[in-house]
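Hi everyone, thanks for making time. I'd like to walk you through a structure I've been looking at, so have a look at it on the screen first.

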Amino acid sequence: HYWADLFIIEVLDPETLEPVPDGEVGEMVVTSLRKEAVPLLRYRTHDLTRIIPGACACGLAMPRHDRILGRSDDMIIYRGVNIYPGQIMDVIGEFPELGGEYQVELTRDARGLDHLTLTVERAGGATAGGDAALAGTLAGRLRSRILARMDVKVADYGSLPRTFSKSKRVLDKRYADAN
Ligand SMILES: [Zn+2]
């Protein structure tokens, strides 16, 4: 819950700056109503969250926003859909057979159509036997949750580079290819 009498929280598409529907992820933009010394006026936090629709079971009438789901700077625009690495990570996390490392590669083909290849590591100790089925199940779940069609590959544990930066997990080769 947040105190709607103290703050206006807007959730906007970081690209168009238009509001997204309740329940959809966007950038949190904050206006403070009661701070006089350091007021915030439609301050762009670059943090991603969503308004949780509907009434809360606790009975409090104040609106709710979700936890911070990532940074808007990490957003990928792919075939007209805004994708955040945190959304991909959430879906990967539902599969115990997969580890936490992944890489996204974006390319553009000769017809100008974008392709997204997601490579995910197997969990340590998991065997390669079920890779094809696992990749298919993961691709299906990503498509229903993020509304984007991705090519999914399962790779050996330890084969992807380790990084602390989310943005390093995204290789966007779409514009390089066009030159
Ligand atoms: Zn509540």
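Okay, one definition before anything else: a charge sits over a ring if NZ of Lys or CZ of Arg is within 6 Å of the ring centre and within 35 degrees of the ring normal. Keep in mind, too, that what you see is a predicted model.

So, where do we find a charge over a ring? Look at Tyr157: the charged end of Arg162 sits over the ring of Tyr157, 5.6 Å from its centre. And how many aromatic pairs does the structure hold? Zero.

Next, the metal. The zinc ion has three protein donors named here: NE2 of His1, SG of Cys56 and SG of Cys58. They lie 1.9 to 2.2 Å from the zinc. Along the chain, the donors follow the spacing H-x54-C-x1-C. Now, are the two cysteines buried or exposed? Cys56 has a relative accessible area of 23%, so we call it partly exposed. Cys58 has 54%, so that residue counts as exposed.

Let's move to the sheet. Four strands make up an open sheet, in the order E1-E2-E3-E4, with antiparallel pairing. E1 and E4, which is residues 70–71, stand at the edges with a single partner strand each, so one side of each has no neighbour in the sheet.

Let me zoom in on E2, residues 26–32. Seven of the seven residues in E2 are buried. On one side, E2 pairs with E1, residues 7–12, in the antiparallel sense over six bridges. If you want a spot to click on, the bridge partner of Ile8 in E2 is Thr31. E2 also pairs with E3, residues 43–49, again antiparallel, over four bridges. For that pairing you can look at Glu27, whose bridge partner in E3 is Leu48, and at Gly26, whose partner in E3 is Thr49.

While we're in E3, stop at His46, which lies in that strand. Here's a bit of background: most residues other than glycine have a negative phi. The phi of His46 is near 65°, a positive value in a residue other than glycine. His46 is at 27% relative accessibility, so it counts as partly exposed.

Now for helix H2, residues 131–146. Does its length make sense, or what should we expect for it? At 1.5 Å a residue, the 16 residues of H2 should span 22 Å, and the end C-alpha atoms are 22 Å apart, so the two agree.

Which residues of H2 are buried? They are Asp131, Leu134, Ala135, Leu138, Ala139, Leu142 and Ile146. These residues cover an arc of only 130° around the axis, which means they are on the same side of H2. Here's the general idea behind that kind of pattern: an α-helix has 3.6 residues a turn, so residues three or four places apart point the same way. Turn H2 around, and the face away from its buried side carries the exposed residues Ala132, Ala133 and Ser144.

One last stop, in the loop between H2 and strand E9, residues 151–155: that's where you find Leu147. Leu147 has a phi near 65°, a positive value in a residue other than glycine. Is Leu147 buried or exposed? At 64% relative accessibility, Leu147 counts as exposed.

That's my tour, thanks for listening!

Technical notes: Residues numbered from 1 in each chain as written. Predicted model: local features only at pLDDT ≥ 70, side-chain atom pairs only at ≥ 80, totals over all residues. Heavy atoms only, no water. Donors = N, O, S within 2.8 Å, 3.2 Å for Na, K, Ca; no water. Buried < 20%, exposed > 50% of the residue type's maximum accessible area, 1.4 Å probe, protein only. Phe/Tyr/Trp six-rings, centres within 6.5 Å; stacked < 30°, edge-to-face > 60°. Helix = DSSP H or I, 4+ residues; strand = E, 2+ residues; numbered from the N terminus. Pairing = 2+ DSSP bridges. Expected span 1.5 Å × (residues − 1). Arc of directions from axis to C-beta.
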